[in-house]
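Me: I'm new to reading protein models, and I'd like some help. Could we walk through one together?

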Amino acid sequence: MPGKWRVGLVGVGRGSGYGRLLCEEPRCDVVACCDQNPESLERFGRTLKLGDEGLFTEYEEFLNCGLDIVFLGTPIPVHAEQTVKAVEAGCHVLSEVTASDTLEGCRQIVDAVRRTGRSYMLAENCIYWHFVSQWQEMVQAGGLGRVLYAECEYLHPIPQLIYDKQAGADRWRANRAPLHYCSHSLGPILTITGDRIVRACGLGKTRYLLPEVEGAGGIDLQVALFQTEQGMTIKMLRTSLMPREPHIHYYSLYGTKGYLETDRRGPKGPGLKYVQGQSPITGEDIDVPLSNPDLPESARAGGHGTAEYSLLQAFLGALEQGARMPIDEVRAMDLTVPGIVAHESSKRDGEWLEVPSFA
């Protein structure tokens with residue numbers, strides 16, 4: 001790619017973190033941003049030092065301004081349509097999670113990427129927390145033996161982003177089932193183990209906390225069980241409503257030789273490790289770093305330690321080398337589809353369902 005990559009950002013809320021990183025990236029020029037809210041768009045445009053010619057409220061006009069890369073930070077229900085339009089316009093796509101909220105949307109993304117030859121990457125930032133690569137090295141070296149079981153939880157009460165009580169109106173997350181937002185939980189586990197999910201079941205229908213919301217986003221919590229290709233069992237808990245302070249991501253892995261787990265106070269706290277041969281059989285405290293200490297302070301501009309910086313470097317590196325993306329259209333669906341299937345299972349009272357492969 002001669003010169004710099006011309007980048008456009010869609011959705012100025014979530015796009016702001018990547019916008020800060022991209023503005024500092026010498027290989028990129030942020031030349032346009034798009035949002036339906038004119039006030040937010042103008043404010044973000046000033047931050048990026050863009051003129052009026054780089055600000056768009058219409059997505060199709062935005063795609064016609066000569067972009068190489070589109071970052072999607074928009075609501076999940078429009079991800080599939082916007083991804084298809086972007087790759088058909090000749091753009092590479094870095095998309096916020098979740099890839100899509102329907103199996104049909106997932107198929108449309110995979111088909112469009114293959115048809116156009118453009119690159120697609122899911123911006124699953126939790127995979128790029130520093131401890132994930134450390135745990136991956138330990139597991140791949142056989143430190144835990146054969147991994148048989150894992151748990152992952154994401155407990156993050158955000159009722160105000162689901163329902164606007166002052167206006168008496170749903171927000172877009174009112175239709176997002178808790179289990180649909182699964183890649184922050186499953187992503188690190190499946191990355192560490194190199195596995196994929198083949199069967200899923202889910203439970204959770206109660207609506208005590210936000211009865212005003214009729215959509216799936218009003219479900220109090222959901223729990224899923226997954227079976228993987230390598231024979232591992234994964235349990236996942238997800239809620240956007242149940243009280244929890246501080247909100248946490250929790251991960252644990254149990255193998256035939258030992259275990260790894262983060263702290264119940266969240267991944268910023270110490271974790272635990274046990275490896276066979278240690279006596280007595282108790283866990284030892286370990287660090288669970290979110291940020292890579294070898295990266296500059298500016299790498300934290302994305303807002304989740306150095307995760308977004310590392311993710312962006314992996315995306316741009318793959319583009320420059322003409323290589324497959326680390327979380328390409330197929331792996332993106334490995335991290336997305338299990339949640340869609342598990343939610344469908346919850347509507348069938350926990351029936352085990354097959355998880356389709358998009359490979």
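**Reading a predicted model**

Reply: Let's start with one residue: T239 counts as buried because its relative accessibility is 2%, where buried means under 20% relative accessible area, exposed over 50% and partly exposed in between, with a 1.4 Å probe and protein chains only. Before we go on, this is a predicted model, in which local features need pLDDT of at least 70, side-chain atom pairs count only at pLDDT 80 or more, and totals for chains, interfaces and linings use all residues. Residues are numbered from 1 along each chain as its sequence is written, and side-chain values use heavy atoms, with hydrogens and water left out.

Me: Where does T239 sit, and which residues is T239 in contact with?

Reply: T239 belongs to strand β12 (residues 233–239); helices (H or I, at least four residues) and strands (E, at least two) are DSSP runs numbered from the N terminus. Contact means heavy atoms within 4.5 Å. Leaving aside neighbours within four places in sequence, T239 is in contact with Y154, L155, H156, D220 and L221.

Me: How do I read a sheet, and what is the strand order in the open sheet of nine strands?

Reply: Two strands pair if DSSP finds at least two bridges between them. Here the open sheet runs β16-β15-β14-β13-β7-β12-β11-β10-β17, with mixed pairing. Its edge strands, β16 (284–286) and β17 (353–354), each pair on one side only. Look also at β10 (residues 197–203) and β11 (residues 222–228), which pair in the antiparallel sense over six bridges. In that pairing, A200 has F226 in β11 as its bridge partner.

Me: What about strand β1: in which sense do β1 and β2 pair?

Reply: β1 and strand β2 (residues 28–34) pair in the parallel sense, over six bridges, and V7 has V30 in β2 as its bridge partner. β1 also pairs with β4 in the parallel sense, over four bridges; there V7 stands opposite I69. Strand β1 (residues 5–10) is mostly covered, with five of its six residues buried.

Me: What is a nonpolar core, and which residues touch the most other members of the largest one?

Reply: In soluble globular proteins, nonpolar side chains tend to be buried together. A nonpolar core is a set of buried Ala, Val, Leu, Ile, Met, Phe, Trp, Tyr and Cys residues joined through side-chain atoms within 4.5 Å. The largest one here has 98 residues, and F62, V70 and I234 touch the most other members. A second, separate core has six residues, including I162, A174, L210 and L241.
V70 makes a good example: not counting residues up to four places away in sequence, V70 touches G8, V10, Y59, F62, L63, A86, C91, H92, V93 and L94.

Me: How is empty space found, and how many cavities of 30 Å³ or more are there?

Reply: Rolling a probe the size of a water molecule over the atoms shows where empty space is left. On a 1 Å grid over the protein atoms alone, a cavity is a set of points where a 1.4 Å probe fits but cannot get out, while a pocket is an open set with protein on both sides within 12 Å along at least five of seven lines; lining residues have an atom within 4 Å of a point. Grid points are joined across faces, edges and corners, and a volume is the space filled by probe spheres set on the points. This structure holds two cavities of 30 Å³ or more, and the largest has a volume of about 40 Å³.

Me: Which residues line the largest cavity?

Reply: They are V7, L22, C28, I69, F71, L94, L312, F315 and L316. β4 (69–72) and α8 (307–321) are the elements that give two or more residues to this lining, and α8 gives the most, with three.

Me: And what is the volume of the largest pocket?

Reply: The largest pocket holds about 1,400 Å³ of space. Among the 48 residues that line this pocket, R14, E96, W172, R173 and Y181 are the closest to its centre. The largest share of the lining, four residues, comes from α4.
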